[in-house]
Every structure is written in structure tokens, then in C-alpha cells.
Amino acid sequence: MAVQALDAARLPVDWAKLVQKLALATALFVVAYGVVPAYASGYLVEAILLPFLALSLAAVGLNLLTGYCGQLSLGSSAFMAVGAFGAYNFNLRVEGLPLAVTMILAGISAAGFGVVFGLPSLRLRGFYLAVSTLAAQFFVQWALTKFGWFSNDNPSGVISAPHLAVAGLSLDSATGRYLLSVTTVMVLTALVWRLVNSATGRNFIAVRDNETAARVIGVPVLRTKLLAFAISSFIIGIAGVLWAFTYLRTVEPAGFNLDRSFQILFIILIGGLASIRGAFLGAAFIVVLPLFLSRLGAFLFGGLFDSGVLDMSQRIVLGALIIIFLIAEPSGLSALFDRLKRRIGSRSS
Amino acid sequence: MSYYDFLFVIEVLVGGLLSGVMYSLVAIGFVLIYKTSGVLNFAQGSMVLFAALTFVSLVERGIPFALSLLITFAVMVALGFTIERTVLRPLVNRSPMTLFMATLGLSYIIEGAAQLIWGTQVHGLDLGIDDTPFEVGGILISSFDLLAAAIAAAMVAGLSAFFYWTRIGLAFRAVADDQFAALAVGLRLPRIWGTVWTAAGFVALVAGLLWGARLGIQFSLSLIVLKALPVLVLGGFDSILGAIVGGLIIGASEKLAEVYLGPFVGGGIEGWFAYALALVVLLVRPSGLFGQKTAERV
């Protein structure tokens with residue numbers, strides 16, 4: 001009893017908020033594991049949910065590095081590629097390796113790469129660092145295309161997803177891949193959420209806000225930066241595995257090009273920097289935008305709106321949105337969402 | 001090494017230096033904007049594409065060469081001032097990273113718009129320059145590259161003269177030196193930025209014509225931004241001299257590496273070699289060869 005009283009005194013619990021959070025989490029679980037597998041159509045899962053989940057996870061990873069730790073990276077898709085090709089090779093070359101272990105090993109490979117390409121961050125800042133992350137982008141793409149070993153000597157460097165199974169249970173169906181994806185994303189997101197609310201997470205933010213000041217108050221800046229690169233790349237690498245194994249099923253190195261890196265960067269810009277929720281909102285937005293634009297274009301212009309025009313107008317809309325968000329709402333969709341919630345809340349009360 | 005091997009090295013080196021000039025040409029556009037507004041303009045590559053595509057489309061519609069050049073320049077002026085008004089002004093006083101990301105968005109818009117307006121097909125561009133290599137002391141030199149180098153040199157000379165002997169050039173230098181002081185003495189920052197973006201647009205036009213004549217005018221032209229970035233990193237973002245020297249170093253070492261290192265690793269290393277080289281230099285000099293060092297304050 002005394003202990004309880006002490007705890008309560010130390011941390012006043014906002015019961016209403018806790019209940020609300022629990023309800024939200026329960027609802028999320030019910031939707032993710034009950035409603036979606038039972039009712040979602042194949043199209044919804046294959047074309048929207050799977051890319052959404054993989055991109056969200058990649059965005060969570062990049063957000064850790066760029067949003068929380070302030071190190072701009074333009075090489076995210078290189079780390080996705082390392083994860084995807086890493087998982088492919090671990091699975092191919094080690095007999096009977098469990099899927100979870102394969103994915104973790106792939107993540108670790110990506111983390112290793114991340115640390116190597118994060119090393120320049122110890123000396124470089126800002127643009128110089130951003131440009132040097134491009135080196136990762138081009139180098140990885142080149143190496144994967146050039147050395148056949150990575151793709152088991154496929155002439156065009158293409159890899160195909162292996163048979164996916166956990167504990168003998170096949171996950172090759174759309175629903176199975178969805179369950180694999182959603183579980184991975186949830187587990188990793190929960191870990192990231194813990195991380196950013198820990199002392200390490202606060203170190204990240206200190207390094208972002210003012211590196212010199214962070215050093216003065218005793219934050220181990222170098223270690224923090226490398227840690228951010230490692231964890232971020234680990235997560236992006238696993239996102240790459242999801243992208244390759246659950247969504248596309250067949251990928252080539254060229255699929256992990258600079259445009260993909262920019263796409264992930266745009267997700268966190270639109271969704272909101274330094275916000276986990278923002279990564280999901282941004283990813284949802286990016287996945288739905290082309291579908292929405294093609295419907296809208298077909299409706300407005302009919303046959304004139306072919307895939308080329310769609311591609312170009314998508315670029316324009318995306319570019320304009322980035323600028324608009326940077327000007328009008330630098331905290332992205334996440335902040336918009338909050339404001340909307342507050343407005344609804346104040347009206348109802 | 002025999003005499004012929006030696007000649008071959010020289011030939012590779014000269015070819016590399018000349019192609020380095022082409023990189024410098026793109027990099028100078030970046031430096032102009034970075035110096036005066038602190039923005040790393042990722043959209044420079046798409047401006048190159050936009051200028052070249054506009055020009056070639058006008059020429060193909062039967063408009064005379066000189067007039068097309070004039071119209072394209074006018075379009076670039078309009079583009080420069082529009083960018084200042086719609087993107088830079090609302091983002092004034094925001095972090096350099098924010099501005100950089102805004103130019104990323106801008107590059108998407110310009111690329112999309114250029115191809116939406118003029119189409120996505122590849123255009124050939126003939127500037128009427130003869131591209132037969134000629135021989136100097138046993139070394140073959142491309143006359144096109146040489147002319148491109150001459151044009152680049154003329155442009156740099158012109159820009160330098162502009163910076164040193166005109167009022168607006170003086171204003172540019174004042175802004176580059178200290179924005180707040182420049183504002184305090186009454187310089188109109190918006191107009192200067194608009195002009196600087198126009199100047200960068202002009203550089204983009206020149207680069208676009210030369211690169212376009214070389215590669216054909218198509219989407220991949222905007223990717224030369226990726227060739228210019230290591231040059232900038234190597235030379236320092238805020239130095240025109242750095243852009244030139246960086247371009248020369250990258251051009252020459254890239255060609256030498258392709259010839260002497262490429263065969264050992266399967267070739268195709270030009271995609272990342274420049275970046276690796278720039279990184280190595282950065283590790284020794286974190287603000288490039290000629291970049292300004294910034295003091296850190298808490």
C-alpha cells in the first residue's frame with residue numbers, strides 16, 4: 001500500500017488519458033489482426049497496405065536519424081537494399097534459418113553499413129553530410145548490380161522472395177504477408193517509441209538542436225550520432241526486407257534508387273519530423289496520392305490523362321506539397337491531426 | 001612507362017579535365033545561389049533540364065536560334081523571380097536544411113512541369129559545333145570539349161566582372177558577406193535574390209545547351225545535379241574558384257580511375273567514385289578545399 005502511494009505521489013496518473021490510450025491500442029490491435037485479415041480485399045492489402053507498412057517502417061527509421069537526431073540522409077533506399085539483399089542471401093545460404101533471424105541479420109547488415117556511412121558524420125555537418133550519404137546510395141546500387149553473388153548470379157541482379165514461413169506456418173498468401181508485415185512494423189515501432197522517450201532519445205534531440213551545446217552538457221555526441229545511424233539503418237533495412245519480400249516479391253537493385261530515398265524523406269517531411277505518428281500519416285499519404293491523382297485525372301480529363309501525364313503531375317503535386325508544408329506547417333500532417341483533434345475536442349466539450 | 005603509355009595518360013587526363021569543366025559549369029550555378037542566400041539549390045539540375053528543354057522545343061518549332069535563346073532567358077528570369085516570391089520569401093529565416101528540402105520539392109515541380117509542357121521524348125540538339133577530335137603533340141583532344149571549356153571560362157570571366165564592376169554585383173557581394181548588414185544599409189534582399197536565381201538560371205541555360213548537345217536533351221539531364229554535388233563538396237559550397245578546381249580534380253581523377261582502377265572492380269565506377277573522392281577530401285578538410293570555415297557558437 002505504501003509503495004503504491006509513493007508511486008502515485010511521484011507520478012500522478014491521468015486515468016482518463018490512460019484509458020483512452022488503452023482503448024486506442026486495443027482498437028488498433030482489433031483492426032490490424034481482426035478486421036483487416038477478415039474483410040480487406042486482396043487489392044487493398046497488396047496495393048495499399050503492404051507498401052504502406054514497408055514505407056512507414058522505413059520512414060520511422062529515417063525519422064529517428066533525421067527527425068530526432070538531425071542528420072539529413074539522402075541514402076535511405078540504399079539501406080533498404082542492403083536489408084533486402086542481405087535477407088535474400090542469409091536465407092539462401094544458410095539452410096533452415098528462421099525468418100525472424102533472417103530479418104534480424106539483414107537489419108544488422110544494414111546497421112553495419114549505416115555505421116560505415118555514418119562515420120563521415122563525425123566530421124561533417126549539414127549539406128556536406130547529406131551529400132556524403134549519396135555516396136552510400138550510389139555505391140550500394142553499383143555493388144549490387146556489379147557483383148552477381150548478391151543476387152545469386154541472376155543476370156539482371158533481380159532477386160525473388162523466398163518461401164515465407166514462421167514455425168511451419170506458411171505466410172505466402174496476401175494475408176500471411178500482411179500479418180508478417182504488420183507484426184514487424186508494430187514491434188519495431190514500439191521499440192522506437194521506447195527509444196525516443198529514453199535518455200538516448202533525448203541525447204538524439206540534444207545533438208539535433210545544438211551539437212556544441214550537447215557536447216558541453218556531456219552528451220557523447222559521436223557515439224550518439226553513430227548509434228542513430230546504426231538503429232535507423234537497422235530499421236530501414238528491415239523495412240527493405242518487407243518491401244522486397246512482402247510487397248514486391250521480386251526486386252532489382254534499380255528499384256532502390258535515389259527516388260525511393262527522396263520518397264522516404266518526403267514521407268517524414270509531409271508526415272512531420274520527429275514524430276512517429278507522422279511517419280505513418282506521411283506514408284499513407286504518399287501511397288494513396290498516386291491512386292487518388294489517377295482517379296481524379298481520369299475523371300477530369302478522361303483519356304488525355306495517361307500514365308506519363310500522371311507521373312509528371314504526381315511529381316508536381318508532390319513537390320508543391322513539400323514546399324507548402326515547409327512554409328505553412330513544418331510539423332506536417334501530425335500537427336494538422338493534433339489541431340483537428342483539439343478543435344473537435346473543444347467543440348464537443 | 002613507355003612514351004606511348006605516357007601520352008595515353010596525358011590524353012586521359014586532358015579528356016578528364018575538359019569533362020571536369022562541364023561539371024564546374026553546373027556547379028557554378030549552385031555556388032552563386034549558395035553564396036548569396038545560403039541555399040543549397042538542389043533544383044539547379046532541373047533548371048538545367050528546364051532551360052535546355054524550353055530552348056530546344058522553341059528551336060524545333062521553327063523559331064530562330066538567337067530568338068529562342070532570348071525567350072528561354074526571359075523564361076528563366078521569370079522563373080527566378082517566381083521562385084524568390086513563392087518559395088524563398090515565405091521561408092526567410094528558416095534553417096538551411098528546410099530551404100534545401102524546399103529546393104528538393106522545387107526540383108520535382110520544375111522537372112514535372114518541364115516534361116508536362118514539352119513532353120518526355122529525347123531531343124537532339126545541334127549547336128553547329130564540329131566534334132572531331134584534333135591532335136596536339138600526339139594527343140587527341142575533342143574540339144567540342146575545348147569549346148565548352150572556352151565558353152565556361154568566358155562565363156566565369158563575365159560573372160567575375162559582373163560581381164566586381166557593377167552595382168548589383170557589389171550588392172551581391174555585400175549580401176554574401178553579411179545578410180543583416182546588407183539589409184541594414186538598405187539593400188533590397190528580395191530583388192537581389194531574384195537576380196541571383198536569374199543568374200543561376202542563365203548558368204543553367206549555358207550548361208543545359210552544352211550538356212544537351214553532348215547527351216541529348218531528356219530527363220536524365222537533370223541528373224547532372226548528382227555530378228555537380230561532389231564537385232561542390234570538394235571545392236566548398238561557397239567558392240566559384242572551388243567549383244572550378246573541384247570540377248577539374250573530379251573530372252580528371254574520375255577518368256583516370258575509370259581507366260586504371262575500373263578494370264579491377266568490373267567498371268562502371270563513375271557513379272560513386274567522385275563521391276568517394278570528395279569524402280576522402282572532406283575527412284581532411286570538412287568544409288572543402290576553398291569553403292569558408294564557420295565558427296561554432298552555443
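**Exercise 1. Work out why helix α9 (residues 225–235) of chain B counts as largely enclosed.**

Ten of the eleven residues of helix α9 of chain B are buried, so the helix is largely enclosed by the rest of the structure; buried here means under 20% relative accessible area, with exposed over 50% and partly exposed in between, for a 1.4 Å probe and protein chains only. Helices (H or I, at least four residues) and strands (E, at least two) are DSSP runs, numbered from the N terminus. This is a predicted model, in which local features need pLDDT of at least 70 and side-chain atom pairs count only at pLDDT 80 or more, while totals for chains, interfaces and linings use all residues. Residues are numbered from 1 along each chain as its sequence is written, chains are lettered from A and ligands numbered from 1 in the order in which they are written, and side-chain values use heavy atoms, with hydrogens and water left out.

The next step is to name the residues: the buried ones in α9(B) include B:Val225, B:Leu226, B:Ala228 and B:Leu229. Their packing partners come from both chains, namely α6 (126–146) and α11 (258–271) of chain A, together with α1 (3–37), α2 (44–60), α10 (240–260) and α12 (273–284) of chain B. Just after α9(B), B:Gly236 takes a positive phi of about 100 degrees.

**Exercise 2. Describe the surroundings of B:Thr103 and B:Gly251.**

Begin with B:Thr103, which is placed in helix α4 (residues 96–118) of chain B. Because its relative accessibility is 2%, B:Thr103 counts as buried. Leaving aside neighbours within four places in sequence, B:Thr103 is in contact (heavy atoms within 4.5 Å) with B:Val39, B:Leu40, B:Asn41, B:Phe42, B:Ala43 and B:Trp197.

Then turn to B:Gly251, which is placed in helix α10 of chain B. B:Gly251 has 0% relative accessibility and therefore counts as buried. With neighbours within four places in sequence again left aside, B:Gly251 is in contact with B:Gly16, B:Leu17, B:Ser19, B:Gly20 and B:Tyr23. B:Gly251 and B:Gly186, which are 65 residues apart in sequence, are 42 Å apart in space, C-alpha to C-alpha.

**Exercise 3. State how many residues each chain brings to the contact between chain B and chain A, and how much area is buried.**

Chain B brings 51 residues to the contact and chain A brings 39 residues. Between them the two chains bury about 4,000 Å², 79% of it on carbon and sulfur atoms, where buried area is the accessible area (1.4 Å probe) that two parts lose on being put together, summed over both. In chain B, the residues that lose the most area to chain A are B:Met101, B:Tyr108 and B:Trp272, which together make up 18% of what that side buries.

**Exercise 4. Assess the overall build of each chain.**

For chain B, count the elements: there are twelve helices and two strands, running α-α-α-α-β-β-α-α-α-α-α-α-α-α from the N terminus on. Its radius of gyration, taken over C-alpha atoms, is 20 Å, which agrees with the value near 19 Å for a compact globule of 298 residues; the globule rule is 2.2 Å times the number of residues to the power 0.38. Of the 298 residues of chain B, 51% count as buried.

Chain A has 14 helices and four strands. The radius of gyration of chain A is 21 Å, close to the 20 Å that the globule rule gives for 349 residues, so chain A is as compact as a globular protein of that length. Of the 349 residues of chain A, 48% count as buried.
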